[in-house]
Number of protein chains: 2
Amino acid sequence: MRTSDIPEIRSLRLFESMSESAFDSLMQAAYLQTFPAQLELIREGDPADFLYVLTDGCVEMFARTNQRETTMGMVHPVGTFILAAVLKDAVNLMSARTVQKSKLLLIPSANVRAAFERDEAFARAIVEELAGCYRGVVKDQKNLKLRSSVERLANRLLRFHQDQGASGSLDLPYDKRTLASLLGMTPENLSRAFNTLKPYGVEVDGATVHLSDVDSLARLAKPDALIDELAT
Amino acid sequence: MRTSDIPEIRSLRLFESMSESAFDSLMQAAYLQTFPAQLELIREGDPADFLYVLTDGCVEMFARTNQRETTMGMVHPVGTFILAAVLKDAVNLMSARTVQKSKLLLIPSANVRAAFERDEAFARAIVEELAGCYRGVVKDQKNLKLRSSVERLANRLLRFHQDQGASGSLDLPYDKRTLASLLGMTPENLSRAFNTLKPYGVEVDGATVHLSDVDSLARLAKPDALIDELAT
DNA sequence: GTCAAGGCTTGATAATTATCAAGGAGCAAG
DNA sequence: CTTGCTCCTTGATAATTATCAAGCCTTGAC
């Protein structure tokens, strides 16, 4: 792979503490590749041949069963996906597709497992990462089971707003259709949920959302540190 | 702790491959205790002081926010809980309470983390366990987002039936109220969902359910290996 | 036995969410 | 500038799920 991308990857929490030699051998086995938008990278049910590291672009994790489909999560740079399947040498539980043109590093699963065996610091980092992923899904599930769709949208808007600097407006980082599926609702209902939030100072203009009364929105959303905060 | 329970715990996948000395020191720091039914063992938001190992009884994992409550999962012997929070030295994301009188081993978090640092085999087992937990929650989430409540019930009945020997009938292992919450529905709707399944050969008699037409039920449920099978 | 309590069910109704059909707005290609 | 496309929105309606209010049945205490 090209050496110019290595520092970026090395700085990922998953890789930063591993030994130089283990990191090098991982990188030597890896492929850096650019994929066009809307390309299905992995399909649920297939064996997890690679650990994916997204360095540029955006990837949607989704799942299907019985002709229905739902978005399970979005991956942003720099992020990894299907770590659990790689470690267990199992099939993928989720599919993944690029949202935009995306640059990805593909590390063969066998090499990841070998590095895990050899390098203790890497093993520790993997546990940290996995535990974080686990807690992420648990939060998602609490979000789904304990909140209505309007509340989920309100909290998601507050999070976007926060992440983007709390300037009073925010940009939706992907399609409304995708956002709807991520929030567990139909596109039609997302539209209506935005209307429901108008009295709370939410004004939609294409992919931009203005929040004119964050406090009122927060009173409706009732954000919960154990669901909405990334850190915990 | 009492030595009579050690073999049972040692045989857990999480502990079976760790070194004798690391296991011994973990066990010496641990407490084995029996708790009455309906006791809240841990509360979400509190620091994860112990790793819990259930050796007898049954524990419900649940979560609350904003006066609403939902069951996140059930733990059966021999099983562990809040491993992720222990490893991250973080607060619990879920609460736990005993369903029946239950026997639990409490291992102080610090000792678990120390053993993880010291014993490589334990570290590997932890990764395996964590990855399994992660994949479990992902499956739960797919179940929730891709199926209706009747389909969730149908699939859960099929799973109970399978687990209990596929004899044509099964026993619900906990309250219907709890089952309803686990499936993401109200008790009233669980009752109605059972009625909806009558034409598919589902007959309820208290906590016992007879399945007179498993094929027909399975055609409705459309079980999916990537959601319903434990192994994958 | 009677009684009370808890768990479950049922019915009536309401709220939430989905589906179907149509139409508008923005955008890229020609 | 027009055309066609995709994405989003809206309205009408239907399906699903929740809530509220009884009521029933079992269980255990007395």
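Start by selecting DNA strand C together with the protein residues near it, where near means that a residue has a heavy atom within 4 Å of the strand; of the 15 residues around DNA strand C, those that come nearest are Ser149(A), Asn189(A), Ser191(B), Arg192(B) and Asn195(B). Among the atoms of DNA strand C within 4 Å of the protein, sugar and phosphate account for 60%. This is a predicted model, in which local features need pLDDT of at least 70 and side-chain atom pairs count only at pLDDT 80 or more, while totals for chains, interfaces and linings use all residues. Residues are numbered from 1 along each chain as its sequence is written, chains are lettered from A and ligands numbered from 1 in the order in which they are written, and side-chain values use heavy atoms, with hydrogens and water left out.

Next, show the side chain of Ser149(A), which has an N or O atom 2.7 Å from a phosphate oxygen of DNA strand C. Then turn to the bases: a polar side-chain atom of Arg192(A) lies 3.3 Å from a base oxygen of DNA strand C, whereas for Arg192(B) a polar side-chain atom lies 2.7 Å from a base nitrogen of that strand.

Now colour by element, taking helices as DSSP runs of H or I with at least four residues and strands as runs of E with at least two, numbered from the N terminus. The elements that give two or more residues to the surface near DNA strand C are α9 (187-196) of chain A, together with α8 and α9 (187-196) of chain B, and the largest share, four residues, comes from α9(B).

Leave the DNA and select the contact between the two chains, defined by heavy atoms within 4.5 Å, to which chain B and chain A give 53 residues each. The area buried here, meaning the accessible area (1.4 Å probe) that the two parts lose on being put together, summed over both, is about 4,900 Å², with 66% of it from carbon and sulfur atoms. Pick out Leu93(B), Lys145(B) and Leu146(B), which supply 15% of the area that chain B buries against chain A, more than any other three residues.

Finally, look for salt bridges, each a side-chain nitrogen of Lys or Arg within 4 Å of a carboxyl oxygen of Asp or Glu; eight are found across the interface of chain B and chain A. One to display joins the side chains of Lys88(B) and Glu128(A), at 3.5 Å from N to O.

Terms used: Polar contact = N/O pair within 3.5 Å; in protein donor to acceptor, adjacent residues only side chain to side chain.
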